[in-house]
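Trainee: Could you take me through one helix of this model in detail, with the cut-offs stated as you go?

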Amino acid sequence: MWQTHLSYTVSLEQARLSVEVFLKKTLQLSRTLIRSLKKHNTIFVNGIPVYVNYILQEQDQVELFFPPIQQAIAPETLPLRILYEDQDLIVINKAAGMPVHPIGPYPNGTLANALVAHWQNQGEKATFHPLHRLDRLTSGVIVVAKNSWCHQQLAPQLATGSFHRLYLALGVGKLAHTSGQINAPLQRAATGFSWVVATDGKAARSRYRLIKSW
């Protein structure tokens, strides 16, 4: 029934903290995850379910059981190039032409459909949480968390830049400069699935470097 099980031993420095503070500050769990744990009554200390106002003591054993998230993604057996996989995440070399997840004109044939089928064949209770995305026509490495806890732990690394992406692109035309940086806020276009530069968009920064020209 439970997708993820985590266990911790409370240190002397963590003693006298409430469970809620321990989850927020020490384990850096999001409010959404904490709400889910509270809703399902799946926070245990020394084998006994507790409320988040419970005060921890040194050497207490904290156990968390995360319920799986319900996702309406149909399994579909498709070719996958798996570079790495463990109990929490999977790294895929996505083929060009494959959408990351079902959307609009692409309700199936996606990476999400393929991974759901892969996990079902492996007997795993994983769910699809892509850490980042690649355009349908772009091939390359994509990291997918297999549970909400792993996704919530990895997402800040992408935001702070400790996890970064490098793209290789073949273009037509001549670059005015052999390297540079583009700082331009982006938001979704009013129609279609493209993004456009907009003053009230989300901050975005790209560095580029010319490797070779013909």
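Mentor: Buried means under 20% relative accessible area, exposed over 50%, and partly exposed in between, with a 1.4 Å probe and protein chains only. This is a predicted model, in which local features need pLDDT of at least 70, side-chain atom pairs count only at pLDDT 80 or more, and totals for chains, interfaces and linings use all residues. Residues are numbered from 1 along each chain as its sequence is written, and side-chain values use heavy atoms, with hydrogens and water left out.

Helices (H or I, at least four residues) and strands (E, at least two) are DSSP runs numbered from the N terminus, and the helix to examine is H2 (31-40). In H2, the residues Leu-33, Ile-34 and Leu-37 are buried. They lie on the same side of H2 because they cover an arc of only 100° around the axis, the arc being that of the directions from the helix axis to the C-beta atoms. This fits a general rule: an α-helix has 3.6 residues a turn, so residues three or four places apart point the same way.

The face of H2 turned away from that buried side carries the exposed residues Arg-31, Thr-32, Arg-35 and Lys-39. The cover over the buried residues includes helix H1 (19-26), strand S2 (43-45), strand S4 (61-66) and H4, where contact means heavy atoms within 4.5 Å. After H2 comes Asn-41, whose phi is positive, near 55°.
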